[in-house]
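Here's a quick tour of the model in front of you. Grab the viewer and follow along by topic.

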Amino acid sequence: MTRFTAEQTAFIHHQTGNALCVAGAGTGKTTTLVGVVEHKLQTIAAENMLVLMFNRDIRTDFKAKLAQIPLAERVSVHTFHSFCFQLLRQSGYLSAMGYQIDFNNGDSDKTIAKLVLRQMAAQEKSYQKQQQFKDPRTIELLMSFIGLVKAHMLPPKEVFELSEINSEYKFIIEAFWNFETVRKERKQLFFDDWLVETIQLLKNDSALQKHYHQQIQFMMVDEFQDINTAQYQLLKLLLSPQAQLVAVGDVDQCIYKWRGSAPQFMLNFEQDFAPATTYSLSHTFRFGHSLALAASHLIANNKQRFHDFQTIAHESVADTTIEVIGTARQVGEIAQSAADFIAQGGQPEEVAILVRRWSQAMLFELAFLTKKIPYHMPIGSVLTHSREVKLLMDIMVLATGRFLTLANNDQANLLFNLLSFPHCYVPNKSLRPLCEALAQRPSSEWLAVIKQTQKIQPTLNLETFTDRIELLLMLQRKGNFKALAVYKQYRRDSELDTWIWKTEATATEIEEAVERLDSVETVLESMDQNCEKALQYFEYYTQQSAVENQNKTNNSVQLTTIFRAKGCEYTQVHLPYWDKDAFPYVNRSALGISADTEEERRLAYVAITRAKQSAKIYYTVENAKKDQYVRKDKNASQFIIESKADVAQEIGPVLYQEGELPYHKSAVVQGYYRRLSRIDDMQLPPKVASISLPEPSATGECIYSYEWALQQPMPENAERLIRSMVQTKPMKYLETEVTRIVRELNQAGTAKKKVLVNRLIVIARAKARRYN
């Protein structure tokens, strides 16, 4: 028989009205939900219950757990979409309207998206605009936009204004309406339509709504923090005044803004579904006190949350270490740590590297392949499918002379790739024949071929094309040069980065593309080899990556994004690239809405709370120049500062001992003590140390000095001022200021002395740090 905590028991035995349960990470939510259903079966028939989950895997797992309880296997457990499909089919709506449900979502709708964009492209005179319409990424953008419009249930124009989409892609608003016209003509319902059509049907069919009001007496919704407007409206329509709604979630893990979710749905539950009672599951069975304290400090900075909620470690859970590591070798250190863990008997599947963006995964793939560490990526290899790596290999093939050994068709394909990334603005129907013509002639005749083509087709603008061919001819002679120099020259002279900024649809795509280019440069810089060696290296490891991807084993290090890791847990978690310019994500394109720092912080919170035994957070450390002080955490993300790992490391282990607990002014720490019923164990605040007068001279006067100032306690709130001076003031200024203040102190009156003493202590500390 399952043993429940007091919190779980209180929630399970909820009686009247609706209920919201705020469930922290690893607090036994699923087990508790099974307990809720089992208890409700005492008073409500299984046929009058509905459980809504967020994906098929969770639904399958939950149904398996219910099957172990008498009568519970008859409880309807659905995802939102499977419920809507059942309703549309059983109500006769599909047959009456002639709609066909498309289960091959992603193929048929993509076909319509392509059709719509190609029709719009045909009406454009600008070749550049035509290519923008036909770009595969524009198709993906349109499909994402369609899903977001239907999730928000707002006009497309409003959704576009809320999104991060580049203003040059405003045409997708028209594309949305064109898509909908074709879809309705073809009588097709795609995945995103199921909810929308169900809502409209319930609004328009009072008899059908009454049927569900009579049938559903109890409804339970899991992962409530992830619902969007469409799902919220569906719940409102299904619930009768007599039905009971029980919702469970964690607003601190609301990370799907791009899918339409928002914290307000959960925060407003008591008002929207009154009368309602809020419960909490705050004791985690996943991680210990140290990590719980760090996670609490981090998320406490968010305003959109339940401020009286805090996740604490259950008494049965051992401590979970949290470590912040500043290093210039993040990838190398993480790969070595994983290798050491496995060598000591740990299982690879117990280790996870969680990145903010997929573009950050490439360097880890190379490191794992080098060290022969088995790894798994849920989307397949970034290394194998990276166009930036393919670009490098094409350039190296050209530079090393291997290009001359290729068949004409392969030469033409390589030239076409190089002239398309970045694109030279020659229409593809003309570009491919041009590349085929060049491939059939020696490179010494390429420019002559271009001149001849220009005479035959005077309307064809070959200016950029010619510049690129001249660049390729130059690179052909650089086989003995360092690969990094050749790659950087192509990137610079082709204006690749500028093209990416102009053509990528979203700020995130821009950042990812540039980050992959930078990753390739990082590898080339560390190799410090010529073009042939670099080509051999990337050929070998892209091949190995493809093999690794085919030979998938369950027992592999998990290399994935934080988004994908939600709902998972691992023994060891490594969190790289927590740099201030990378996390929280900053929209540098300034073309969309600003980054949502609170959502980014929730993402950081999800990342930290995946760990069971240890969490390691990494940020980049700059190498200090000679005679220049660089604060070690200068590049650290604000989330690292906010998590206060040093406080967690100090206090976490002590909580496993009896006796006094260290005093700390942090409200998070004191709240944690209080929830453990140990606030009375906290020591009294330390007495503030007073400044001592310097030793008097032979004449009885106090002689102030730099050495004396270093021995005195720091004035309150002096740390920030000292840091600022270290960063902005030269050493000469600090030395001069110490001398000036010491001179003034020996002549100042009592009132002024107090101000000067504090100033001397601050300046002396700043000077000492510059020396160190």
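The domain assignment splits this predicted model into five pieces: domain 1 (6-94 + 194-281), domain 2 (100-186), domain 3 (318-379 + 552-653), domain 4 (387-550) and domain 5 (706-771). Domains 2 and 4 touch, with 10 residues from domain 2 and 15 residues from domain 4 in the contact.

**Where domain 2 meets domain 4**

- The C-alpha centres of domain 2 and domain 4 sit 30 Å apart.
- About 1,000 Å² is buried between domain 2 and domain 4, and carbon and sulfur atoms give 46% of that area.
- On the domain 2 side, α7 (127-134) and α8 (136-152) each put at least two residues into the contact with domain 4.
- The largest share of that side comes from α7, with three residues.
- Sorted by class, the domain 2 side has four nonpolar, three polar and three charged residues.
- Even so, zero salt bridges turn up across the interface of domain 2 and domain 4.
- Polar contacts draw a blank there too, with zero residue pairs across the interface of domain 2 and domain 4 (both at pLDDT 80 or more).

**The chain as a whole**

- Count 37 helices and 16 strands along the chain.
- Along the principal axes, the C-alpha atoms fill a box of roughly 100 × 80 × 50 Å.
- Of the 772 residues, 53% count as buried.
- Among contacts with a separation of 6 or more, 77% are between residues 24 or more positions apart.

**Salt bridges**

- The structure has 37 salt bridges.
- K65 pairs with D61, and their closest N and O atoms are 3.0 Å apart. The two are four residues apart in helix α3 (residues 56-66), so about one helical turn separates them. K65 is partly exposed at 30% relative accessible area, and D61 is partly exposed at 37%.
- E599 and R602 form a salt bridge at 3.5 Å, N to O. They are three residues apart in helix α30 (residues 597-608), again about one helical turn, but here both E599 and R602 are buried.
- E737 and R759 meet at 3.2 Å, N to O. E737 is in helix α36 (residues 731-745) and R759 in helix α37 (residues 750-771), so this salt bridge ties together parts 22 residues apart in sequence. E737 is buried at 9% relative accessibility, whereas R759 is partly exposed at 26%.
- K29, D222, E223, D226 and K566 are joined into one network by salt bridges that share partners.

**Spots worth a click**

- V351 is in strand β12 (residues 351-355) and counts as buried, at 0% relative accessibility. Q572 is 221 residues away from V351 in sequence, yet their C-alpha atoms are 4.8 Å apart. Beyond its neighbours within four places in sequence, V351 is in contact with A338, F341, V557, Q558, Q572 and H574.
- R305 is in the loop between α16 (289-299) and β10 (312-313), and it counts as buried at 10% relative accessibility. Its side chain makes a polar contact of 2.9 Å with the side chain of D252. Leaving out neighbours within four places in sequence, R305 is in contact with V251, D252, L267, I299 and A300.
- In helix α4 (residues 80-90), the buried residues include F80, F83, L87 and L88. Just after α4 comes G92, with a positive phi of about 85°.

Conventions: Residues are numbered from 1 along each chain as its sequence is written. This is a predicted model: local features need pLDDT of at least 70, side-chain atom pairs count only at pLDDT 80 or more; totals for chains, interfaces and linings use all residues. Side-chain values use heavy atoms; hydrogens and water are left out. Domain bounds come from an automatic or database domain assignment. Contact means heavy atoms within 4.5 Å. Buried area is the accessible area (1.4 Å probe) that two parts lose on being put together, summed over both. A salt bridge is a side-chain nitrogen of Lys or Arg within 4 Å of a carboxyl oxygen of Asp or Glu. A polar contact is a pair of N or O atoms within 3.5 Å; within protein, one must be able to donate a hydrogen and the other to accept it, and residues adjacent in sequence count only if both atoms are side-chain atoms. Ala, Val, Leu, Ile, Met, Phe, Trp, Tyr, Cys and Pro count as nonpolar, Asp, Glu, Lys and Arg as charged, and the others, Gly among them, as polar. Buried means under 20% relative accessible area, exposed over 50%, partly exposed in between (1.4 Å probe, protein chains only).
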